[in-house]
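Thanks for making the time this morning. I would like to walk you through one structure, and please keep it open in front of you while I talk.

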Amino acid sequence: MTDAIDTAVLPRLDDSLYGIETRGVSAWFGDRKVLDRVSLSMTAGQVTALIGPSGCGKSTYLRILNRMHEMVRGASLSGEVLLAGTDVYAAGRRPADVRRRIGMVFQRPNPFPAMSIYDNVASGLKLAGIRTDREHRDHLVESSLQAAGLWQEVSNRLRSPGGSLSGGQQQRLCIARSLAVSPDVLLMDEPCSALDPTSTRRVEETIAELRGRLTIVIVTHNMQQAQRVSQSCAFFLASHDTPGRIVEAGPTDRLFGAPADQRTADYVNGRF
Ligand code: ADP
Ligand code: MG
C-alpha cells in the first residue's frame with residue numbers, strides 16, 4: 001500500500017519555494033535577553049548567511065526559526081516567524097510539523113553511527129511520520145543522497161553504518177537525512193566548522209547545488225565561505241550589556257564590498 005505524500009503539508013523539492021521571515025523577534029534565557037527585535041527576510045530559494053562573533057545569538061535565532069528554542073528549559077521569545085506568510089508559532093501549529101518543514105544541520109555531524117547509510121536517510125521520513133512503500137522510499141533515499149552530493153560515493157555501500165563514513169561524508173549524510181522530508185528551509189549551524197578544507201568544499205558545492213531548490217540559512221564564522229555560498233548576509237552583534245541585534249543585512253556583495261556600518265566593516269575585515 002502506498003501512502004502518497006501529502007504535498008499540501010509537504011511540498012516536493014522542486015515545487016513552490018517559500019522564504020522565511022522574522023518580525024521583531026526577541027529571545028530570553030530566564031530573564032536574560034539574548035536577542036533584541038530581530039527582523040530579517042530570508043528570500044525563497046536563496047542562501048542567507050548569518051555572521052557575527054560568538055555569543056551574539058545566531059544559534060538561538062536558528063532554533064527560534066524551527067521551534068527548537070522552546071525545547072530549552074527557561075527559554076522564551078516574542079515576535080513573529082513567518083513561513084510562507086503564516087506564523088510558525090500560530091495557535092494550533094505543531095512544533096513537529098514546523099521542524100519537518102524547516103530542517104537543521106549542526107556543527108558536529110550527528111548521523112546514527114550504527115545505523116546503515118540507507119536507514120539514516122530513511123529515518124528522516126520515519127521521524128516525520130511519513131509512511132512510504134519500499135519503492136518510493138528507495139527513490140527518496142537516492143534522490144536525497146544525490147541532492148546532498150553523496151550518492152556516487154555511497155551507492156554501492158548503502159548498508160554500511162553511517163559511522164563508517166568520513167566526517168565530511170557524515171555531514172552530507174545529515175544533509176541528505178534533512179532533505180528526505182522535502183523541507184522548505186534548511187538551517188545550517190556552522191556546518192563546516194568541524195570539517196577539513198576538502199570536506200568543507202564538498203559541503204559548499206552541495207549548498208550551491210541546492211540553491212534555488214529550497215531556502216537555506218547558514219551560520220558561519222568563515223568570511224570567505226559566507227561570500228562563496230550566500231547571496232544575502234546579516235551581521236549580528238551583542239555586547240556584555242546589549243542583547244544580540246542585527247547591525248546590518250543585505251546582499252552579500254554589498255555587505256562585504258561596501259558595508260554601511262563601521263562595525264560591519266571591522267568584522268568582515270577581521271578587525272574584531
Ligand atoms: P552564537 O551562536 O552567536 O554563538 P548563541 O545563540 O549560542 O550565540 O548564544 C547567545 C547567548 O545566549 C549567549 O550569551 C549564550 O551564552 C546564551 N545561551 C545560549 N544557549 C543558552 C542556554 N541553553 N541557556 C542559557 N543561555 C544560553
Ligand atoms: Mg552558535
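Before I come to any helix pair, let me say that an axis here is a line fitted to C-alpha atoms, for helices over the stretch in contact, and that angles run from 0 to 180 degrees between N-to-C directions. Helices (H or I, at least four residues) and strands (E, at least two) are DSSP runs, numbered from the N terminus. This is a predicted model, in which local features need pLDDT of at least 70 and side-chain atom pairs count only at pLDDT 80 or more, while totals for chains, interfaces and linings use all residues. Residues are numbered from 1 along each chain as its sequence is written, and chains are lettered from A and ligands numbered from 1 in the order in which they are written.

Let me begin with helix α3, residues 117-127, and helix α6, residues 167-179, whose axes come within 6 Å and cross at roughly 40°. That makes α3 oblique to α6, because angles under 35 degrees count as roughly parallel, over 145 as roughly antiparallel, 65 to 115 as roughly perpendicular and the rest as oblique. On the α3 side the contact is made by Ile117, Asn120, Val121, Ser123 and Gly124, and on the α6 side by Leu173, Ala176, Arg177 and Ser178, where contact means that C-beta atoms, placed from the backbone, lie within 7 Å.

Helix α6 also packs with helix α7, residues 197-210, their axes coming within 9 Å and crossing at roughly 20°, which makes α6 roughly parallel to α7. Here Gly167, Gly168, Gln171, Arg172 and Ile175 of α6 meet Ser199, Arg202, Val203 and Thr206 of α7.

Returning to α3, we find that α3 and helix α4, residues 134-147, pack at an angle of about 105° with their axes 10 Å apart, and so α3 is roughly perpendicular to α4. Tyr118, Val121, Ala122 and Leu125 in α3 meet Arg137, Leu140, Val141, Ser144 and Leu145 in α4.

What surrounds ligand 1? Phe29, Val34, Ser54, Gly55, Cys56, Gly57, Lys58, Ser59, Thr60 and Val72 do, a residue being near a molecule if its C-beta atom, placed from the backbone, lies within 6 Å of it. Helix α1, residues 58-65, gives the most to this shell, with three residues.

Finally, the end C-alpha atoms of residues 20-268 lie 25 Å apart, and that span is 37% helix and 28% strand.

Note on methods: Two residues are in contact if their C-beta atoms, placed from the backbone, lie within 7 Å.
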